[in-house]
Amino acid sequence: MDTFRDVDLAILGDPMRKAIFERLARRPCSVGELAQELPITRQAVSQHLQVLKQGGLVVVTPEGTRRIYRINPEGLEAIQAYFQQIWDNALAAFQKAAEAAADDPEQEQPA
């Protein structure tokens, strides 16, 4: 993943999907383990995991007969880069506004 365009934050808009993502951030889990921890069926957990996987936020690894889901580091990096870009843009805009205010002769100076 090279850019944030590869990750859609709306994926985490569903509260149950967000809960699954947060659990996977703590430790990798199988569908069955997640279903035991959540008030939804295994089928519903599988559907949410599929959306997270298609969105680039989780990856799956077969381990015997189980499939273990974990956070995709590239997906997290893309999210982090997106928020860093927003933060950098906000800081640059603040600096520009502060410099403009300091250079404005009409600006009231303290006595």
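What follows is a working chat about the fold of this chain, seen in a predicted model.

Reader: Before the details, how many helices and strands does the chain have, and what order do the elements run in from the N terminus?
Author: The chain has 4 helices and 3 strands, and from the N terminus on the elements run α-β-α-α-β-β-α. The model is a predicted one, so please read everything below as a description of that prediction.

Reader: OK, and what is the strand order in the sheet?
Author: The sheet is open, its 3 strands have the order β1-β3-β2, and the pairing is antiparallel. The edge strands are β1, at 29-30, and β2, at 58-63, each of which pairs on one side only.

Reader: How many bridges join β1 to β3, and how many join β2 to β3?
Author: There are 2 bridges joining β1 to β3, the strand of residues 66-71, while 6 bridges join β2 to β3. As for residues that face each other, Cys29 stands opposite Tyr69 in β3, and Val59 stands opposite Arg70, also in β3.

Reader: What sits between β2 and β3 in the hairpin?
Author: The hairpin has 2 residues between its strands, and Gly64 in the turn has a positive phi of about 65°.

Reader: Switching to helices, which strands does α1 touch?
Author: Helix α1, residues 15-26, packs on the sheet and touches β1, β2 and β3, and its direction makes about 90° with that of β3. Helix α3, residues 42-54, lies across β2 and β3 and runs at about 115° to β2.

Reader: And at what angle do α1 and α3 pack?
Author: Those two helices pack at an angle of about 75°, and their axes are 10 Å apart. Because angles of 65 to 115 degrees count as roughly perpendicular, α1 is described as roughly perpendicular to α3.

Reader: Which residues meet there?
Author: On the α1 side they are Met16, Arg17, Ile20, Phe21 and Leu24, and in α3 they are Val45, His48, Leu49, Val51 and Leu52. By type, the residues of this contact divide into 8 nonpolar, 1 polar and 1 charged.

Reader: Which residues touch the most other members of the largest nonpolar core?
Author: That core has 20 residues, and those touching the most other members are Ile20, Leu24, Leu34, Val45, Leu49 and Leu52. At least two residues of the core come from each of α1, α2 (31-37), α3, β2 and β3, with the largest share, 4 residues, supplied by α1.

Reader: Leu34 is on that list, so what is Leu34 in contact with, leaving aside its neighbours within four places in sequence?
Author: With those neighbours left aside, Leu34 is in contact with Ile20, Arg23, Leu24, Cys29, Val45 and Leu49.

Reader: Different topic: where is Leu57, and is Leu57 buried or exposed?
Author: Leu57 has its place in the loop between α3 and β2. Leu57 counts as buried because its relative accessible area is 1%, and the cut-off for buried is under 20%.

Reader: How far apart are Leu57 and Leu9?
Author: In sequence they are 48 residues apart, and in space, C-alpha to C-alpha, Leu57 and Leu9 are 9.7 Å apart.

Reader: Last one, for the whole chain: what percentage of residues is buried, and what share of the contacts with a separation of 6 or more is between residues 24 or more positions apart?
Author: Of the 111 residues in the chain, 30% are buried. Among contacts with a separation of 6 or more, residues 24 or more positions apart account for 50%.

Note on methods
Residues numbered from 1 in each chain as written. Predicted model: local features only at pLDDT ≥ 70, side-chain atom pairs only at ≥ 80, totals over all residues. Heavy atoms only, no water. Pairing = 2+ DSSP bridges. Contact = heavy atoms within 4.5 Å. Axes fitted to C-alpha atoms, helices over the stretch in contact; angles between N-to-C directions. Parallel < 35°, antiparallel > 145°, perpendicular 65-115°, else oblique. Nonpolar A, V, L, I, M, F, W, Y, C, P; charged D, E, K, R; others polar. Core = buried A, V, L, I, M, F, W, Y, C linked by side-chain atoms within 4.5 Å. Buried < 20%, exposed > 50% of the residue type's maximum accessible area, 1.4 Å probe, protein only.
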